[in-house]
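Work through the exercises below with the coordinates open. Each task is followed by a stepwise solution.

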Amino acid sequence: MDVIEEAQRDLARGDNAHARDRLYAALRTTPASQPILELLAYTHLLMGERAAAGAAWFLTSKADGDPTASAAFAALEARYRSPISLARGLPINAPSEYYPAPAQARLERLSSAIRANGQQWVPPRDTVYFDEVGVDSDDFLDDDLPGSNGAYSDRSRPIRQRVVASLIILAIAATSASVILAIVFG
């Protein structure tokens, strides 16, 4: 059974909190999944959390003029008084180009409002982050790989990308070891 069906069963039982938690957990593996974000917004509405619904819909193709969504967007803006705090309240976990065009336009407007306030914000995953080993293999993903609803997944990564990431990690480790040996025995 997939996460959407499981969450819908939770909602049918009245276990809204469990459905919400299940959907947030699913966003970790499919961060730009439109069906998950849509159901998450609906779940938040059932829980009376209009601003949280707006945050989920912010990343979907939901029209700004949709009456339910516009009320949720207004509640989102009311909860987060500044553009930077609103940006930090979004459940964005994928590069912005993985989201549909309306969501990208909202993210661009939000980024412009943040810059107008003299602040800087880059959507998470739009920058290169290094993990403990030194290279985040997500940086080697092809933007046009098929994935679940436009999102990437570990199963869709080509072997070549994994090999390149592994070789870079190995090169960094070898270089570090050489420097340490030169310092110790140099």
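**Exercise 1. A side chain and a backbone oxygen**

Which backbone oxygen does the side chain of T43 reach, and at what distance?

Solution.
- Start with the source: this is a predicted model.
- Locate the residue. T43 sits in helix 3.
- Find the partner. The side chain of T43 reaches the backbone oxygen of L39 at 2.7 Å.
- Check the exposure. T43 counts as buried because its relative accessibility is 0%, and the cut-off is under 20%.
- List the surroundings. Beyond four places in sequence, T43 touches L11, N16, A19, R20 and L23.

**Exercise 2. Confidence and overall makeup**

Determine which stretch of the chain has pLDDT under 50, and describe the fold as a whole.

Solution.
- Take the average. The protein chain has a mean pLDDT of 83, and 80% of the residues score at least 70.
- Find the weak stretch. Over residues 142-156, pLDDT stays under 50. The model has 30 contacts there beyond four places in sequence.
- Apply the caution. Where pLDDT is low, predicted coordinates should not be read in detail.
- Count the elements. The protein chain has 8 helices and 0 strands.
- Weigh the burial. Of its 186 residues, 38% count as buried.
- Gauge the surface. About 10500 Å² is exposed, with 55% of it supplied by carbon and sulfur atoms.
- Look at contact range. Among contacts between residues at least 6 apart in sequence, 55% join residues at least 24 apart.

**Exercise 3. Two faces of helix 1**

Assign the buried and exposed residues of helix 1 to its sides.

Solution.
- Pick out the buried set: I4, A7, D10 and L11.
- Project down the axis. These buried residues fall within an arc of 120 degrees, so they line one face of helix 1.
- Recall the helix geometry. An α-helix has 3.6 residues a turn, so residues three or four places apart point the same way.
- Turn to the other side of helix 1. R9, A12 and R13 are exposed there.
- Identify the cover. Helix 2 and helix 3 are among what covers the buried residues of helix 1.
- Step past the end. G14, just after helix 1, takes a positive phi of about 85 degrees.

**Exercise 4. The nonpolar core**

Which residues touch the most other members of the largest nonpolar core?

Solution.
- Name the hubs. The core has 36 residues, and F58, L90, Y99 and L110 touch the most other members.
- Map the contributors. Elements giving two or more residues to this core include helix 1 (3-13), helix 4 (50-58) and helix 7 (101-116).
- Place one hub. L90 lies in the loop between helix 6 and helix 7. It counts as buried because its relative accessibility is 8%.
- Trace its contacts. Beyond four places in sequence, L90 meets A55, F58, L76, L107 and L110.
- Inspect another hub. Beyond four places in sequence, the contacts of Y99 include P31, L37, L59 and Q104.

**Exercise 5. An arginine in helix 7**

Is R106 buried or exposed?

Solution.
- Locate R106: helix 7.
- Test the area. R106 is buried, because its relative accessible area is 4%.
- Find a polar partner. A polar atom of the R106 side chain lies 3.3 Å from the backbone oxygen of W57.
- Add the other contacts. Beyond four places in sequence, R106 also touches residues including F58, K62, D64 and F73.
- Compare sequence with space. R106 and L59 are 47 residues apart along the chain, with C-alpha atoms separated by 8.1 Å.

Notes:
Residues are numbered from 1 along each chain as its sequence is written. Side-chain values use heavy atoms; hydrogens and water are left out. pLDDT is the predictor's confidence in each residue, from 0 to 100. Contact means heavy atoms within 4.5 Å. Helices (H or I, at least four residues) and strands (E, at least two) are DSSP runs, numbered from the N terminus. Buried means under 20% relative accessible area, exposed over 50%, partly exposed in between (1.4 Å probe, protein chains only). Accessible areas come from the Shrake-Rupley method with a 1.4 Å probe; for residues, only the protein chains shown count as cover. A nonpolar core is a set of buried Ala, Val, Leu, Ile, Met, Phe, Trp, Tyr and Cys residues joined through side-chain atoms within 4.5 Å. The arc is that of the directions from the helix axis to the C-beta atoms. A polar contact is a pair of N or O atoms within 3.5 Å; within protein, one must be able to donate a hydrogen and the other to accept it, and residues adjacent in sequence count only if both atoms are side-chain atoms.
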